[in-house]
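Visitor: I have a model to look at and some terms to sort out. Can you take me through them?

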Amino acid sequence: MHQDYIKAAKWSILEEGFDNDRIKSSESLFSIGNGAMGQRANFEEDYSGDTFQGSYIAGIYYPDKTRVGWWKNGYPEYFAKVLNAPNWIGIKVSVNGENLDLNTCKSVTEFKRELNMKEGWYQRSFTATLPNNITIKVQSTRFLSLDLDEIGAIRYNITPINAEAEISLSPYIDADITNEDSNWDDQFWEILTIENDANGALISTRTLKTDFHVATGMINRLSLNNEELNISAKQSTSANKISFTYTVSVSKENTLTLDKFGGYTVSTNHKKNKLNKASKAALQKAFTIGFEKLLKQQKKDWKAIWDMADIEIEGDLKAQQGIRFNIFQLNQTYLGKDARLNIGPKGFTGEKYGGSTYWDTEAYCLPFYMSTKNQEVAKSLLTYRYQHLDKAIENAEKLGFSNGAALYPMVTMNGEECHNEWEITFEEIHRNGAMTYAIYNYVKYTGDFSYIPEKGLEVMIAIARFWQQRANFSSERGKYVILGVTGPNEYENNVNNNHYTNYLAKWCIEYCLQAIDKVKLEYASDYNRIWKATNLSDIELTKWEDVAKNMYFPYCEKYQVYLQQDGFLDKDLITLNNLDTAERPINQKWSWDRILRSPYIKQADTLQGMYMFDDEYSREELKRHFDFYEPFTVHESSLSPCVHSIIAARLGNMDQAYEFYLRTSRLDLDDYNKEVEEGCHITSMAGTWMSIVEGFGGMKVIDNKLSFVPQIPKQWKSYSFKINFRGNVLQINVSKKETTFNLIKGDSLTILVNGNVLKVTDHKEIVSF
Ligand code: BGC
């Protein structure tokens, strides 16, 4: 059973009732972020129960020294970790001298959390009776400003209910912070200075090794029943913490309010010697604007995001909440404003995966950002990898490749590989193909080929070189083979001829060759520049061609399917419906040895390729492969159900498509994989979006035209979404009897619907079923 305590609502994530066992899960689910920073939904006041503290800053990392049993040549020295940053949200609360800690209260009632996705804020409220029998009501609202992205704001209201009480509120900054996943229990932060004035303070710190400087600040305002109070705080400072204490006698039913503004300024955006000044200026600005006006702006800014990105579903509240949660979290993580940043698989909701960049961005996230933001944002994501090309070439050199071949890292912060499990670092090389695929996808969607001569081609050449060198000719088979790899299915290692990998290798080479021809014809000066810079020769291109033409693909005549890898059929092919559900998830129940020998597939693998290149396969072929692989797929990677949902929809199997859709969209809300405590799965959330748009909506780009094959799950009345396509904004509304297309921006757009040409203008074009 998956968890089901989150209440369904159209625009909010809701929790009611206090339960110690759910704290960590809710800390993940109610996380907030603004693209520049993010934090788990930790309590402001002390909490002695089980909790996972986390506040993270985009792009600020630490190279944590690798810890492995047996060192292998080629391993990176470090694993780059997104850092748990100094805590600025903390407010210690004491009532008649008794510390407020929900874990030790006599009772906690009316506990409620709301994450308001429409407006971008998080609120928690409760009534608690402390051990000294004073009952208080608390309501705390906080948000990370989209407008001032170095600033977050908290409004903390506290009301004594049954007696007058002396209440002390102590907002603080705590820089004594570590990561739970630190390899050697290292301290990552060094304290530089602590500064304070009457109502504000900052602690400036630097990360060891990477030398990022960060100023963490706060400024406070106190009021009683909405009247500002001018009382001075008792200040206390230790080596890594500064705290202000405001003490007020509060009558029964009166409300004491602390507005605390806090946040980070970082040396990636400011000169180091100006950082503290910048922090004070940002805080002062927020303080002058005030909580309410900042919140008003926040609502406006989220409205602008939703105006373009929302997907509305009628008739299915859980599905509606699911998709909005996914779209909300993606926008909390990455807004496309800064080409140095990327989309970590856990965003700002946890430490796991180091907040680093994976192939997830290219294979899953790009379409969402391309369609719901714009071409520039998509280009920023591509440029991120272009800027890492030299590092990818160095990485390949370390592993023995030459002549400018590049192997992009599996996990990275700055272009260097920082993953260190041999089966992934050295073997999961399919990620390289996703880089070229993303360029292809961008060009196909935007029509902007000019990115290829400008930047893309150099990346594509380096990748094609890698594939040519990585394949070897098998005289036994008379074909090129790729040995010793891990496919997307990480439950198999060191396999030979993984279909997905071999296919991508062949495709990357062919696509690069085509691009070279086009650049030669149409962009002569770029062609000359690139040809020289990369030292290409016709002899080399002939070698590439030979590899692509003669690539080997394991195939089974009996079942008429491509095999995931050599020898797949030797496995004990017991389908999952014969496996006791108590055995799952297998990655938590079984030994690794048992997993490796089993036929069970962690995530879409052969089917991943068939989703990406589905024009190459007939419907019958696709169905055969889906029917063959789905019964073995455990979907223990968040990236998996969305691909199966899309394929099921393409096959017209809407019931199954819907089931996978729910699984992908509510993966975290319902905690299917029993790990949400560690953080949410952000990158796969873009896959949820694809499940609706590409799966149910059947959207593709065919010959420079948007094409749709709309279907609707029987559980839904209708759904609608918007697409930014080459500067036009198209709204699509699908109901059981018809689909309407409305051009909201642009003069006219010719699209395909179920294969027929339709010209859409600014009035509604309707296609009936
Ligand atoms: C998946 C990878 C993915 C990574 C980060 C792993 O569990 O198997 O494909 O890149 O998570 O999302």
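Guide: Start with a term: buried means under 20% relative accessible area, exposed over 50%, and partly exposed in between, with a 1.4 Å probe and protein chains only. This is a predicted model, where local features need pLDDT of at least 70, side-chain atom pairs count only at pLDDT 80 or more, and totals for chains, interfaces and linings use all residues. Residues are numbered from 1 along each chain as its sequence is written, and side-chain values use heavy atoms, without hydrogens and water.

Visitor: Why is Cys365 called buried?

Guide: Its relative accessible area is 0%. The limit is under 20%, so Cys365 counts as buried.

Visitor: How do you know that Cys365 is not bonded to Cys642?

Guide: A disulfide needs two cysteine sulfur atoms within 2.5 Å. Cys642 holds the closest cysteine sulfur to that of Cys365, and it is 10 Å away, so that is too far for a bond. Cys418 is in no disulfide either: its nearest cysteine sulfur, in Cys365, is 17 Å away. The structure holds zero disulfides.

Visitor: What makes the pair of Asp360 and the ligand a polar contact?

Guide: A polar contact is a pair of N or O atoms within 3.5 Å; within protein, one must be able to donate a hydrogen and the other to accept it, and residues adjacent in sequence count only if both atoms are side-chain atoms. An N or O atom in the Asp360 side chain is 2.5 Å from a ligand oxygen, so the pair qualifies.

Visitor: What is the distance for Lys602?

Guide: A side-chain N or O atom of Lys602 is 2.8 Å from an oxygen atom of the ligand. For a polar side-chain atom of Trp359, the distance to a ligand oxygen is 2.9 Å.
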